[in-house]
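Reader: I've got this one open in my viewer and would like to talk it through. Mind if I throw some questions at you?

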Amino acid sequence: MPLFNYQCQKCTAVFEALVDVGDKKSVRCTRCGSASKRQAVSSFRIIGGKSGPGNAPGRTGADFISSPDSFVSAMNSFGDKIGDRLSNRQMEKAVEQLKQAKR
């Protein structure tokens, strides 16, 4: 199930929701309950680690927006696992997009 970031159009709260693609209309603001929202930044959750898949705390898109260094580290670790790291240019572009999402 994809993890989406939303911003409430009523109270401006930013929140995350795991949503079935066909069920986006059911998402409501976690602060005020409004259904009026816009999708902010789509993201993903990384789960796993040395203690085994599903046992380590997950990282969310909001974690990466607040700490681009953790994004770089996670992406490098993921790239090592699949044998295909992002190029420096791709990484710089992704980090810049995270910084813009934070604004």
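Reader: Which residue just after α2 takes a positive phi, and of about how many degrees?

Author: Keep in mind that this is a predicted model. Helix α2 covers residues 68–82. Just past its end sits Gly 83, and its phi is positive, at about 75°.

Reader: How does the reach of α2 sit against the span expected at 1.5 Å a residue?

Author: Helix α2 has 15 residues. The expected span is 1.5 Å times one less than the number of residues. From first C-alpha to last, α2 reaches 21 Å, close to the expected 21 Å.

Reader: Is Ala 74 buried or exposed?

Author: Ala 74 is found in helix α2. The cut-off for buried is under 20% relative accessible area. Ala 74 has 15% relative accessibility, so it counts as buried.

Reader: Which residues in α2 are buried?

Author: Ala 74 is one of them, and Met 75 and Asn 76 are on the list too. The others are Pro 68, Ser 70, Phe 71 and Gly 79.

Reader: How far apart in space are Ala 74 and Phe 64, C-alpha to C-alpha?

Author: In sequence, Ala 74 and Phe 64 are 10 residues apart. Going C-alpha to C-alpha, their separation in space is 9.1 Å.

Reader: What pattern does the protein chain follow along the sequence?

Author: There are three helices and three strands in the protein chain. Reading along the sequence, the pattern comes out as β-β-β-α-α-α.

Definitions and conventions
Residues are numbered from 1 along each chain as its sequence is written. This is a predicted model: local features need pLDDT of at least 70, side-chain atom pairs count only at pLDDT 80 or more; totals for chains, interfaces and linings use all residues. Side-chain values use heavy atoms; hydrogens and water are left out. Helices (H or I, at least four residues) and strands (E, at least two) are DSSP runs, numbered from the N terminus. Buried means under 20% relative accessible area, exposed over 50%, partly exposed in between (1.4 Å probe, protein chains only).
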